[in-house]
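User: Please take a close look at one part of this model, the pairing of charged side chains, and follow it into the elements that carry it. I would ask for one connected account, with the reasoning stated wherever a class is assigned.

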Amino acid sequence: MEKAIWIELRNVVGALRDVSDVIVRHNGNIWHIEQIGEGESVYLYLEITGIENFDKLISDLERLDVVLSVILIPTFYRVYGKRVIVIGGGAQVAEVAKGAISEADRHNIRGEKISVDTIPLVGEKEIAEAVRAVARLPRAKILILAGSLMGGEITEAVREIKEKGILVVSLNMAGSVPDVADLVVSDPIQAGVMAVMAIADTAKFDIEKQRGKRY
């Protein structure tokens, strides 16, 4: 999907319904939606499939009283690409991010689009919640867990997101998380590098051949 719609509309009851009605009349299916802002007007980001004539769709949307403006924009996937998520202790997260960003730069120069998101966290409950949320993040493909001890509820969360298609790389740490990760890497910089290679189309790295190994 290459294109999305960016709509500024009045923040009133029924505005989203009116926009959806127009999209349905064009046989469109809303693939992804986000609302940004607050106040008297807000913005909608919409990725829509099934539209044959975007110009006509935009024209019909502009006729709505609730719509202030509509433009066609590139999708987040086209702009930011696949997402690498790094969660864990601050110092280790920083080192993992260094490796991931350096490797992503190599692939993005060759036309790939890979972005890196990080959040330093402590506490079993907090990290487990963040791990589960990765499966709900748009475009997230792989998670790197960076810490010295992770297990318990975090391990269960890792199992859950793996079932939803998220790859998981873990630093070689104490606890049960390394036992359920797809790949375990001791060096944090190398962990970041290998995670990016695992999802890059321009890399010759097959995670299936490395699954369950420790480096």
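Analyst: A salt bridge is counted here when a side-chain nitrogen of Lys or Arg lies within 4 Å of a carboxyl oxygen of Asp or Glu. The model is predicted, and by this rule it holds 13 salt bridges. In general, side chains of opposite charge can pair when their charged atoms come close.

The account may begin with a pair that reaches across the chain. Glu-112 and Lys-82 meet through their side chains in a salt bridge, with an N to O distance of 3.6 Å. This pair links distant parts of the chain, since Glu-112 belongs to the loop between H4 and S6 while Lys-82 belongs to strand S5, 30 residues apart. Buried or exposed: how are the two partners classed? The cut-off for buried is under 20% relative accessible area. Glu-112 has 6%, so it is buried. Lys-82 has 9%, so it is buried too.

Lys-82 leads directly to its strand. S5 spans residues 82-88, and seven of its seven residues are buried. The cover extends to both faces of S5: on one side lie Lys-82, Val-84, Val-86 and Gly-88, on the other Arg-83, Ile-85 and Ile-87, and all are buried.

S5 also has strand partners. Strand S6, residues 114-120, pairs with S5 in the parallel sense over seven bridges. Within this pairing, Val-86 of S5 has Thr-118 of S6 as its bridge partner. Strand S7, residues 140-146, likewise runs parallel to S5 and is joined to S5 by six bridges. There, Arg-83 stands opposite Ala-140. S5 and S6 are further connected through helix H4, residues 90-109, and the three elements form a right-handed β-α-β unit.

Helix H4 carries a salt bridge of its own. Lys-98 and Glu-95 join their side chains at 3.4 Å, N to O. Both residues lie in H4, three residues apart, which is about one turn of the helix. Lys-98 has a relative accessibility of 43%, between the limits of 20% and 50%, and therefore counts as partly exposed. Glu-95, at 29%, is partly exposed on the same criterion. This helical pair is thus partly exposed at both ends, whereas Glu-112 and Lys-82 are both buried.

A similar arrangement appears in helix H6, residues 153-163, where Arg-159 and Glu-156 are three residues apart, about one turn of the helix. Their salt bridge brings the closest N and O atoms to 2.5 Å. Arg-159 counts as partly exposed because its relative accessibility is 38%, and Glu-156 is partly exposed because its value is 39%. Elsewhere, salt bridges link Lys-56, Asp-60 and Arg-63 into a network.

Aromatic side chains offer a second kind of pairing to set beside the charged one. The structure holds three aromatic pairs. In one of them, the ring centres of Tyr-45 and Phe-76 are 4.0 Å apart and the planes meet at 20°; planes under 30 degrees apart count as stacked, so this pair is stacked. The two residues come from distant parts of the chain, with Tyr-45 in strand S3 (residues 41-49) and Phe-76 in helix H3 (residues 76-80), 31 residues apart. Tyr-45 counts as buried because its relative accessibility is 0%, while Phe-76 counts as partly exposed because its value is 24%.

Phe-76 also pairs with Tyr-80: their ring centres lie 6.4 Å apart and their planes at 50°, so this pair is tilted. Phe-76 and Tyr-80 are four residues apart in H3, so about one helical turn separates them. Tyr-80 counts as partly exposed because its relative accessibility is 45%. Through these ring pairs, Tyr-45, Phe-76 and Tyr-80 become a cluster.

To return to the part requested, the salt bridges described include one that links S5 to the loop between H4 and S6, one inside H4 and one inside H6. The strand that carries Lys-82 is S5, whose parallel partners include S6 and S7.

Definitions and conventions:
Residues numbered from 1 in each chain as written. Predicted model: local features only at pLDDT ≥ 70, side-chain atom pairs only at ≥ 80, totals over all residues. Heavy atoms only, no water. Buried < 20%, exposed > 50% of the residue type's maximum accessible area, 1.4 Å probe, protein only. Pairing = 2+ DSSP bridges. Right-handed = clockwise from strand over helix to strand, strands pointing away. Phe/Tyr/Trp six-rings, centres within 6.5 Å; stacked < 30°, edge-to-face > 60°.
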